[in-house]
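Here are some exercises to work through with the structure open beside you. Try each task before reading the solution below it.

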Amino acid sequence: MNQYIKYIIVMGLTTILLGCSEDPIENFDKGTLTGIAVISGSNLPLENVKISTNPGFSTVFTDENGEFIIEEIPVEQYSVQAELEGYLTAFEGVEVTTGATVNVVFEMDVETANNRPPTTPVLVTPTDNAIDIPLDTQLVWTGSDPDEDDITYSIELRNNFDDEVLSFSTVNDTMVDITGLRFGLKYFWQVGAKDTVNEDVIQSEVSVFETIIAPENRHVFVRKDGGNNVIFSTDTEGNVLQLTSSTINSYRPRQNPVADKIAYLSNNGSETHIFTMDFDGSNKQQITSLVAVNGFDLEEIDIVWTQNGGRILYPNFDSLYSINVDGTGLQEVYQTTDGSLITEVSISADESLTAIKTNDVSGYNVSIFTIDNSGVVIDDILSGVNGAAGGLDISVDNQSVLYWYDVSGFESANYRQLDSRIFLYNRITMITDDLSDSKIAGTNDFDCRFTPNEAEIIFTNTSNDGVSQHNILITDTNPLDVGVDRELFLENAQMPDFE
């Protein structure tokens, strides 16, 4: 009996001991998984990232430091998954070993990380090395985005003459209308494409085209466009070229073939100044600055080149100024003795004679006279009359002075004329010939200029109602032939110059 009891006790103790040893053995079949989730590229921590395992054991979320921990995870090979809205789901493979801590790092990309950039734009029109492209043209290219994102296209043009850069942009549109290119230049153009996701701009190849050569237009004139005067040029066939912008008031063009420039008046803020430009309208430059152009009516004011193209004469109230074409050398060359305002000026080819028109603040009490280089009056051509006058030009031989005068003598607050006619004053005989003898009744002739051969004059004609269209006409300077060929040259035009 005693032996049997001992046997039972021994077996019971053995069972207890074996049962107590199972817990430590099971602990060594588990491990710990830790990790962190950060933004790819910046390593900034990501909070609330969902961390799960496959095979499935536990799901946890990262804290404010981007960190997580899964304890007591059975020994196994796992695929660990990290998920957060706005980011691509990330996977990492790990092996949990007995009693060990395994660490994993998730560098998570934003959802657009796999987004593809646009395709390279292909330039279509104008074709590479195209010539005689108009100054107003259309650029066309092809392009697409593999993920159908919106594409912003940036277009850039450079030329082979100066540093001017023209830039344009479109969204999902593979064409753009270009205006205001310059004559005879090579333009290099390139298109860049960028979608709403990728930072990189995909650039096309560079293509080149050449614009048309500038026409040799000898006539310049002005047309109204909205509320502004705009300067144009034309050839004898009527091919018209716009030289100044419709958004800027520019008028009274005066050409000089020696300087190869056109001088004109235009606004700069509240002041009117002299500008110059090439015959094709390019290279616009302001000449005056310290002393602006001014007088009783800015649209009545006229300026004149010296024959050699070196200087320009212009009025400022009661003074006449001279300035070099580069803007230097400003000087006062004449001042009226009675305080009357200088409105128009013309200078002879040899610069020995200057014709001046003065008037009062209303444009009346007109005097037209010539002076020598000392300011001494040589010819008293028109004075002591009522009505408006102007339009000075001196013949190349200094013998004749051209002008217009309203023979009606009418004067009004709005400077309206009723019967303005063109006259040719002979300085030798002091005889004045009426060149508007066959003018249509009820119209005005004014803004008169000699043509280059001086056998004709070019001038503006309009109804005396003050609101009708202005037209430019040409007629003979020989009084015996006046009216024979009173020819319409341009419709809807005024302020002509012909060199």
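## Exercise 1: A stacked pair

Tyr403 counts as buried, because its relative accessibility is 4%. Keep in mind throughout that this is a predicted model.

**Task.** Find out whether Phe423 is buried or exposed, and work out how the rings of Tyr403 and Phe423 are arranged.

**Solution.**
- Step 1: Start with accessibility. Phe423 has a relative accessibility of 10%, so Phe423 counts as buried.
- Step 2: Look at the rings. Tyr403 and Phe423 form an aromatic pair with 5.7 Å from centre to centre and 25° between the planes. Planes under 30 degrees apart count as stacked, and this pair is stacked.
- Step 3: Place the partners. Tyr403 sits in strand E33 and Phe423 in strand E34, 20 residues apart, and the pair links distant parts of the chain.

## Exercise 2: A pair at an angle

**Task.** Classify the ring pair formed by Phe296 and Tyr415, and say which residues form one aromatic cluster.

**Solution.**
- Step 1: By the ring-pairing rule, the model has 11 aromatic pairs.
- Step 2: The ring centres of Phe296 and Tyr415 are 5.1 Å apart and the planes meet at 65°, so this pair is edge-to-face.
- Step 3: Phe296 belongs to the loop between E23 and E24, while Tyr415 belongs to the loop between strand E33 (400–406) and strand E34 (420–426). The two residues are 119 residues apart, and their pair links distant parts of the chain.
- Step 4: Both Phe296 and Tyr415 are buried.
- Step 5: Phe296, Tyr364 and Tyr415 form one aromatic cluster.

## Exercise 3: A network of charges

**Task.** Trace the salt bridges of Asp497 to Arg254 and to Arg449, then name the residues that shared partners join into one network.

**Solution.**
- Step 1: Asp497 and Arg254 meet through their side chains in a salt bridge of 3.9 Å, N to O. Asp497 is in strand E40 (residues 494–498) and Arg254 in strand E20 (residues 250–256), 243 residues apart.
- Step 2: Check burial at both ends. Asp497 has a relative accessible area of 1%, so Asp497 is buried. Arg254 is buried too, because its relative accessible area is 4%.
- Step 3: Asp497 also forms a salt bridge with Arg449, with the closest N and O atoms 3.3 Å apart. Arg449 lies in strand E36 (residues 443–450), and 48 residues separate Asp497 from Arg449. Arg449 is buried, with a relative accessible area of 8%.
- Step 4: Salt bridges with shared partners join Arg254, Asp302, Arg449 and Asp497 into one network.
- Step 5: Now turn to Asp302, in the loop between strand E23 (285–286) and strand E24 (304–305). Its relative accessibility is 3%, so Asp302 counts as buried. A polar contact of 2.9 Å joins the side chains of Asp302 and Arg254.
- Step 6: Beyond neighbours within four places in sequence, the contacts of Asp302 include Arg252, Pro315 and Thr343.

## Exercise 4: A bridge between loops

**Task.** Decide which parts of the chain the Arg116 and Asp147 pair ties together.

**Solution.**
- Step 1: The salt-bridge count for the model comes to 18. In one of these, the closest N and O atoms of Arg116 and Asp147 are 3.2 Å apart.
- Step 2: Arg116 lies in the loop between strand E7 (101–108) and strand E8 (122–125), and Asp147 in the loop between strand E10 (137–142) and strand E11 (151–159), so the pair ties together parts 31 residues apart in sequence.
- Step 3: Arg116 counts as partly exposed at 43% relative accessibility, and Asp147 is partly exposed at 28% relative accessible area.

## Exercise 5: A buried arginine without a salt bridge

**Task.** Arg223 is buried yet has no salt bridge. Which backbone oxygens does its side chain reach?

**Solution.**
- Step 1: Arg223 is found in strand E17 (residues 219–225).
- Step 2: The nearest side chain of opposite charge is that of Glu491, 7.2 Å away. A salt bridge needs nitrogen and oxygen within 4 Å.
- Step 3: Turn to the backbone. A polar atom of the Arg223 side chain lies 3.1 Å from the backbone oxygen of Glu491, and the Arg223 side chain reaches the backbone oxygen of Asn492 at 2.7 Å.
- Step 4: Leaving out residues up to four places away in sequence, Arg223 touches several others, among them Asn228, Phe232 and Leu490.

Conventions:
Residues numbered from 1 in each chain as written. Predicted model: local features only at pLDDT ≥ 70, side-chain atom pairs only at ≥ 80, totals over all residues. Heavy atoms only, no water. Helix = DSSP H or I, 4+ residues; strand = E, 2+ residues; numbered from the N terminus. Buried < 20%, exposed > 50% of the residue type's maximum accessible area, 1.4 Å probe, protein only. Contact = heavy atoms within 4.5 Å. Polar contact = N/O pair within 3.5 Å; in protein donor to acceptor, adjacent residues only side chain to side chain. Lys, Arg positive; Asp, Glu negative; His and termini not counted. Phe/Tyr/Trp six-rings, centres within 6.5 Å; stacked < 30°, edge-to-face > 60°.
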